[in-house]
Amino acid sequence: MRAMHIQQNYSLKALNSFGVSVSADLFTALRSSDDVDALISWRKANLSTPCLLIGGGSNMLFVHDFKGLAVVVCLKGQELIAEDDDAFYIKAAGGENWHDFVRWTIDEGYAGLENLSLIPGTVGAAPMQNIGAYGVELGDRLQSLDAIDLSTGERRTFNNEECQFAYRDSFFKRQQPDRWLIESVTFRLPKNPKWITAYAGVEAALDGQEPNARLISDAVIALRQSKLPDPKVIGNAGSFFKNPIMPIEQWKALRAKFPDLPGYPQNDNKDLIKTSAGWLIDQCAWKAFRDGDAGIYEKHALVLVNHGEASGKALWDLAERIIKSVKEKFDLTLEAEPRVID
Ligand SMILES: Cc1cc2nc3c(=O)[nH]c(=O)nc-3n(C[C@H](O)[C@H](O)[C@H](O)COP(=O)(O)OP(=O)(O)OC[C@H]3O[C@@H](n4cnc5c(N)ncnc54)[C@H](O)[C@@H]3O)c2cc1C
């Protein structure tokens with residue numbers, strides 16, 4: 001078996017969308033199944049060394065340098081593997097760029113992922129937090145995924161139910177971090193798709209045109225570009241806080257004090273309601289706040305930004321100040337959506 005190519009003291013600045021200057025003691029890239037086998041062997045021999053899986057680094061905040069082996073997943077490939085009367089089944093490798101993969105499905109005539117256009121990152125990371133946008137979540141389209149337990153080398157296929165998808169959550173996110181390497185994901189894309197346009201301005205952007213996958217994707221891209229900063233220009237990880245979900249009684253009591261408090265009923269549980277973290281943060285006057293290079297995006301209170309040289313610690317300190325002020329005003333504890341690597 002080929003030995004793993006490990007580099008030392010490797011800069012991760014280009015591998016995290018906050019653009020934070022941090023490094024990993026050890027670094028390797030997975031490009032082939034030989035590389036995966038070499039990683040499994042290395043892991044068995046080095047169980048006490050922390051190991052961090054990285055896709056596009058667009059859902060991570062590094063507060064410090066990483067003292068262990070950082071592994072960037074670059075496995076490539078995407079193909080139609082089966083079809084039946086109702087659906088196409090498409091398999092994509094974990095290192096494929098998510099948005100390029102979505103556009104490829106549209107070019108090939110497969111619909112179903114268009115609402116998830118322009119989400120940064122990779123196919124393999126998408127199930128981790130069950131990515132979602134414009135009325136669709138990954139769990140709505142995932143058939144199964146192939147993963148490897150890096151602590152034992154066991155290979156396992158998880159069906160949709162076994163992934164235990166929830167709002168920005170999955171089985172994998174709740175497990176010991178970096179235990180499961182997601183090698184590939186298989187999608188079930190319907191032959192007769194129902195277009196989802198009644199969400200956050202998509203219908204208006206279509207401007208009366210008959211929907212199709214490409215038009216919806218283009219509309220979503222335009223909407224996202226108008227609202228969210230491009231990480232290549234301003235470092236960020238998209239929405240930094242999860243929208244709090246609470247029992248309806250708690251929400252009603254809060255709304256009695258704050259009549260404009262948004263509320264979004266949850267389809268899967270009628271006793272719960274979701275509110276908007278962006279609204280809560282806005283009410284605490286954080287939008288466009290800046291302390292050195294750490295700040296909050298001027299168009300979106302949910303987006304923590306690095307205007308240049310902010311350290312991960314400065315960004316996390318600001319996030320903690322925001323959490324504290326929302327707690328004081330609303331008695332709600334915001335949770336970070338990205339993984340904070342401390
Ligand atoms: C501008 C912007 C907009 C965004 N908009 C959205 C949005 O609308 N909806 C949304 O849900 N998210 C959004 N995000 C967050 C982010 O794009 C997603 O979470 C994305 O899936 C992260 O992919 P990644 O490859 O960059 O993951 P990374 O940040 O590299 O990793 C995220 C997590 O997944 C793990 N991981 C990575 N690859 C693998 C693998 N192959 N196997 C196992 N574990 C792995 C990592 O260890 C880590 O725990 C946005 C981010 C940005 C910067």
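A residue is taken to be near the ligand if one of its heavy atoms lies within 4 Å of it. The structure is a predicted model, in which local features need pLDDT of at least 70 and side-chain atom pairs count only at pLDDT 80 or more, while totals for chains, interfaces and linings use all residues. Residues are numbered from 1 along each chain as its sequence is written, and side-chain values use heavy atoms, with hydrogens and water left out.

The ligand is surrounded by 35 residues, of which Leu-53, Gly-55, Ser-58, Thr-122 and Arg-224 come nearest. By class, this shell comprises 18 nonpolar, 13 polar and four charged residues; Ala, Val, Leu, Ile, Met, Phe, Trp, Tyr, Cys and Pro count as nonpolar, Asp, Glu, Lys and Arg as charged, and the others, Gly among them, as polar. Polar contacts are pairs of N or O atoms within 3.5 Å; within protein, one atom must be able to donate a hydrogen and the other to accept it, and residues adjacent in sequence count only if both atoms are side-chain atoms. A backbone N or O atom of Gly-57 is found 2.8 Å from an oxygen atom of the ligand. Side chains also take part: an N or O atom of Gln-129 lies 2.8 Å from a ligand oxygen, and one of Asp-178 lies 3.3 Å from a ligand oxygen. On its own the ligand has 970 Å² of accessible area, of which the protein covers 95% (Shrake-Rupley method, 1.4 Å probe; for residues, only the protein chains shown count as cover). Two or more residues of the shell come from each of the elements β3 (51-54), β8, β12 and β13 (235-239), where helices (H or I, at least four residues) and strands (E, at least two) are DSSP runs numbered from the N terminus.

The structure also holds 18 aromatic pairs. Rings of Phe, Tyr and Trp (its six-membered ring) pair if their centres lie within 6.5 Å; planes under 30 degrees apart count as stacked, over 60 as edge-to-face and the rest as tilted. The pair of Phe-88 and Tyr-110 is tilted, because the ring centres are 4.8 Å apart and the planes stand at 55°. This pair links distant parts of the chain, with Phe-88 in strand β7 (residues 87-93) and Tyr-110, 22 residues away, in the loop between α2 (98-107) and β8 (132-133). Both Phe-88 and Tyr-110 are buried, that is, under 20% relative accessible area, with exposed meaning over 50% and partly exposed in between (1.4 Å probe, protein chains only). A second pair, Tyr-134 and Tyr-199, is edge-to-face, at 6.5 Å centre to centre and 75° between the planes. Tyr-134 counts as buried at 10% relative accessibility, whereas Tyr-199 counts as partly exposed at 45%.

Phe-88 and Tyr-110 also belong to one aromatic cluster with Trp-98, Phe-101, Trp-104 and Phe-187. The charged end of Lys-191 sits over the ring of Phe-88, 4.8 Å from its centre; this term requires NZ of Lys or CZ of Arg within 6 Å of the ring centre and within 35 degrees of the ring normal. The charged end of Lys-274 is likewise placed over the ring of Tyr-167, at 4.1 Å from its centre.

Asn-306 lies in strand β19 (residues 303-306) and counts as buried at 3% relative accessibility. A polar atom of the Asn-306 side chain is 2.9 Å from the backbone oxygen of Phe-18.
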